[in-house]
Amino acid sequence: MAIRHTPYQRATPATPTVGDWRRLGACADVEPEVMFPGTVQADIDAAKAVCQNCPVYRLCLRDIIRHEGATHPDRRHGIVAALTGPERHAVYRQLQRRGALR
């Protein structure tokens, strides 16, 4: 049996697709350190401000809630969808209580 080699494919597609919403996020061009601000409130507020007018905010929130699931708040890092780890955990718990998670 001969081994077929397929041409190399980039890990990230060259053209945006429906599932490739992350490239459209307001944070796409921001240094990662901005979105992982530590405990200084001014830095947290600056990271949340990046998400303020993000065109893919709802997709980001949906995906992070699904991805993190019931992960403990202390194991959630950074600002995602304008929420800290504990805030995202609270949203998850609220959606869980409402039966809105699939």
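A contact here means heavy atoms within 4.5 Å. Keep that in mind for the exercises below, and remember that this is a predicted model.

**Exercise 1. Get the overall picture.** Work out what secondary structure the protein chain has and what share of its contacts with a separation of 6 or more comes from residues 24 or more positions apart.

*Solution.* Start with the elements: there are four helices and zero strands, so along the sequence you read α-α-α-α. Next, the contacts: among those with a separation of 6 or more, 40% join residues 24 or more positions apart. Then look at the surface. The chain has 102 residues, and 29% of them count as buried. About 7,900 Å² is exposed, with carbon and sulfur atoms supplying 54% of that area.

**Exercise 2. Place His 89.** Is His 89 buried or exposed, and which residues does it touch beyond four places away in sequence?

*Solution.* First find it: His 89 sits in helix H4, residues 85-98. Its relative accessibility is 17%. Buried means under 20%, so His 89 counts as buried. Leaving out residues up to four places away, it touches Ala 70, Thr 71, Pro 73 and Arg 76.

**Exercise 3. Describe how H3 meets H4.** Find the angle between these helices and sort the residues of their contact by type.

*Solution.* Helix H3 covers residues 57-68, and it packs against H4 at about 85°, the axes being 10 Å apart. That makes H3 roughly perpendicular to H4. Now list who meets whom: H3 brings Ile 64, Ile 65 and Glu 68, while H4 brings Arg 88, Val 91, Tyr 92 and Leu 95. Sorted by type, that's five nonpolar, two charged and no polar residues.

Conventions:
Residues are numbered from 1 along each chain as its sequence is written. This is a predicted model: local features need pLDDT of at least 70, side-chain atom pairs count only at pLDDT 80 or more; totals for chains, interfaces and linings use all residues. Side-chain values use heavy atoms; hydrogens and water are left out. Helices (H or I, at least four residues) and strands (E, at least two) are DSSP runs, numbered from the N terminus. Buried means under 20% relative accessible area, exposed over 50%, partly exposed in between (1.4 Å probe, protein chains only). Accessible areas come from the Shrake-Rupley method with a 1.4 Å probe; for residues, only the protein chains shown count as cover. Axes are lines fitted to C-alpha atoms, for helices over the stretch in contact, and angles run from 0 to 180 degrees between N-to-C directions. Angles under 35 degrees count as roughly parallel, over 145 as roughly antiparallel, 65 to 115 as roughly perpendicular and the rest as oblique. Ala, Val, Leu, Ile, Met, Phe, Trp, Tyr, Cys and Pro count as nonpolar, Asp, Glu, Lys and Arg as charged, and the others, Gly among them, as polar.
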